[in-house]
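Here are my notes on the model you sent over. Have it open while you read, and we'll go through a sheet and then a pocket.

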Amino acid sequence: MNSSGILNFTMPSTGSFLVEIIIWLVKISSSIALGIVLFTVILKLITLPFDYMSRASMRKNSLKMEEMRPELEKLQKQYADNKELYNQKMLALYKKNGYSMFGACLPTILTLVIFIVALNAFTDYSKYQNKMDFYQMSKAYNNVIYSGLETDDIYITRNEKGELVINDQGLYDALGTNDSITIGNIIVENNSANSYITVKTVNGYIEYKRYYVKTGENEEWKSICYSLIEDEDAKNNYANLIKNEENNNLVNLKGQTYVEASQEDGTLSFDEFINDIQSIMSAKKYREVKTSFLWIKNIWVTDSPTKHPVESSWSAFKTTHSYKGDVISSTEYKNLIKHLDKETSEPNGYFILVILTAGISLLTQIVMGKTQKAQMELQTVDGQGAQTQKIMKWMMPAMMAIFAFMYTSAFSIYIILSSTISLLTTFAINAIVDAKFKKESANKKTEVIRGRVYVAKEEVKEEPKKKVEEATGDFLSGTADGKKHIRGRIK
């Protein structure tokens, strides 16, 4: 085994404070899926004031448009062949009735900006979390190698990432002119002919090599190589060296030590045995990370029966997760996922989130179509807006289904939950605006005439006049005492 036994996945950076917030939410909710739900709800609460302003303005405009419908329909018939003149008359009518075409624009733009910023943060978090999952797997994989050396907290230590940190210069200086020395349990050798030092421990199975270049009196340290100790006489004792959870106590899935496994398979090398232990620990770490959600096995992969929770090849992994940065070989990736047979073959989902994403989008379009029916029918002389609305009714769900299929299940969860909350708030906002508009319309029936308030009342129907005139005692009417008058004289 050489340095290829170490996978060089670097620890990913968060990239932004919003990603830090999402990470914190995931930690307090103890689940990635619940953290996404919590993030979505908080984001909707932040944007709620802007949503209210925008949707309330749109609803109020729709109600005003319905009030203007008779006049606008009349204008549509009158100027059917003159769109420009219709638009002029329509704008004049808008102004007269207080209809604002741009009242909902600013809140909508602000909401859209917040949505884009949050969506970018969510995408960055998806990439971060996916990289972190595989970084943790590679860390568990590498620890099997790192555990092959004992630490002494002076010359051999571990950093916060669990990586070995060896004080090469200190050990080299301790060697002095000697070819080999022992410091406690550490054995150090200097191969001056090939310019490298070798470090191993009494109870270890790994040999560490560090190459150097002499520049005058100083040493410039170069590449690192890890390999198994090639001691034929000691191979039967490998099973007794450095027993801990990081290397599964050096037993395979059958619970066999190297000696037992090699007796079963006479061609099994210790190099192959250690690689198998590394794969076991990698798979164990993957299953510790809760990436599942309901029926979905891995939320960083599309909810689709054609996709698997773990990609079976390094090229497919990079394509699926848009992975850039660390470069490992296909063989190394195969070793990393060797004991994830089930995860590389079973379906990740069943298109349920894809269908739900399209369905909630269709429902949203239906609600918007009913809410803005008057605008769509009356804003153009030929009612072209209504045709556009019909096209959008089916186009938007189709687009959202494509997005749900292209992106992760986590993205679909976010979109479905966000759209559902928006839909519910739309119903609530419409109810509030409708009640307020109805009250305002009732108040408009009270008009000020000549400085006095006139309240319109229901007109009393006038009774039909009787055919037989009654005496009124009025001489001017000519009916006093029931006698007729002619030219002021009694007939």
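How do E3 and strand E4 (residues 186-191) pair, and over how many bridges?

1. They pair in the antiparallel sense, over four bridges. Strands here are DSSP runs of E of at least two residues, helices are runs of H or I of at least four, and both are numbered from the N terminus; two strands count as paired if DSSP finds at least two bridges between them. Before going on, note that this is a predicted model, where local features need pLDDT of at least 70 and side-chain atom pairs count only at pLDDT 80 or more, while totals for chains, interfaces and linings use all residues. Residues are numbered from 1 along each chain as its sequence is written, and side-chain values use heavy atoms, with hydrogens and water left out.

2. Take the E3/E4 pair in detail. Ile183 has Ile186 as its bridge partner in E4, and Ser180 has Glu189. The two strands make a hairpin with two residues between them, and Gly184 in that turn has a positive phi of about 65 degrees.

3. Next comes strand E5 (residues 196-201), joined to E4 by six bridges and running antiparallel to it. One bridge pairs Ile187 with Lys200 of E5. This is a hairpin too, with four residues in between; Ser195 in the turn has a positive phi of about 60 degrees.

4. Zooming out, the open sheet has five strands in the order E3-E4-E5-E6-E7, with antiparallel pairing. Strand E3 (180-183) and strand E7 (218-228) are at the edges with a single partner strand each, so one side of each has no neighbour in the sheet.

5. Which side chains of E4 are buried? Ile186, Val188 and Asn190 are, and they point to one face; Ile187, Glu189 and Asn191 point to the other and are not buried. (Buried means under 20% relative accessible area, with a 1.4 Å probe and protein chains only.) In a regular strand, side chains alternate between the two faces of the sheet.

6. Now the second largest pocket. Of the 20 residues lining it, Thr320, Ser322, Met406, Tyr407 and Thr408 are the closest to its centre. A pocket is an open set of points on a 1 Å grid, with protein on both sides within 12 Å along at least five of seven lines; lining residues have an atom within 4 Å of a point.

7. Helix H4 (105-146), helix H8 (314-320) and helix H12 (384-406) each supply at least two lining residues. The largest share, six residues, comes from H4.

Note on methods:
Buried < 20%, exposed > 50% of the residue type's maximum accessible area, 1.4 Å probe, protein only. 1 Å grid on protein atoms, 1.4 Å probe; cavity = no way out; pocket = protein on both sides within 12 Å on 5 of 7 lines; lining within 4 Å.
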